[in-house]
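Good morning, and thank you for joining. I would like to take a few minutes to go through one model and the way its helices pack. Please have a look at it first.

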Amino acid sequence: RVRGATTTMTGVPKPLKFLKNHYPQLQTLFQNLKEGPLKKQFANFISVLSTSMGELGKLSTLTYLMQGTLTEVLTWGHGYLQHLSGDIAQEYNLSLIHISEPTRLLSISYAVFCLKK
């Protein structure tokens, strides 16, 4: 249902905005979940919420996406993809300034590859 509501979104749909006050608790809940399909789906959900609730400069949308399923990214809508591309560009620029973890850069490359599918 969330995905259907966000396919043409330019931001988080109004019904989800009530979660703004609960965003930190959702992040904690995510951290405490055991690895598995539920955690991956929850990462996708938090990635979408991060487009308007995440801290600036923290790359939350990208970070949670990389912990998610990395599938059907294009179905989240234009606003999500625009925000995600900004996170990817920011991460890339940071990697040019500082030596980043090679594994993180490889993961980002894989996420970009999935976007192109």
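I begin with one helix pair: in helix 3, Tyr 23, Gln 27, Phe 30 and Gln 31 meet Ser 60, Tyr 64 and Gln 67 of helix 5, where contact means heavy atoms within 4.5 Å. By class, this contact has 3 nonpolar, 4 polar and no charged residues. Here Ala, Val, Leu, Ile, Met, Phe, Trp, Tyr, Cys and Pro count as nonpolar, Asp, Glu, Lys and Arg as charged, and the others, Gly among them, as polar.

A word on provenance. The model is predicted, so local features need pLDDT of at least 70 and side-chain atom pairs count only at pLDDT 80 or more, while totals for chains, interfaces and linings use all residues. Residues are numbered from 1 along each chain as its sequence is written, and side-chain values use heavy atoms, with hydrogens and water left out.

The chain has 7 helices and 0 strands; these are DSSP runs numbered from the N terminus, helices being H or I of at least four residues and strands E of at least two.

How do helix 3 and helix 5 pack? Helix 5 covers residues 60-67, and the two axes lie 13 Å apart at an angle of about 30 degrees. The two helices are therefore roughly parallel, the label for angles under 35 degrees, with over 145 being roughly antiparallel, 65 to 115 roughly perpendicular and the rest oblique. Axes are lines fitted to C-alpha atoms, for helices over the stretch in contact, and angles run from 0 to 180 degrees between N-to-C directions.

Turning to helix 4, residues 37-53, its axis and that of helix 3, residues 23-32, come within 11 Å and cross at roughly 155 degrees. That makes helix 3 roughly antiparallel to helix 4. The residues of this contact divide into 9 nonpolar, 3 polar and 1 charged.

Finally, the interior. The largest nonpolar core has 12 residues, including Leu 26, Phe 30, Phe 42 and Tyr 64; such a core is a set of buried Ala, Val, Leu, Ile, Met, Phe, Trp, Tyr and Cys residues joined through side-chain atoms within 4.5 Å. Buried means under 20% relative accessible area, exposed over 50%, and partly exposed in between, with a 1.4 Å probe and protein chains only. The largest share of this core, 6 residues, comes from helix 4. Buried residues make up 38% of the 117 residues in the chain.
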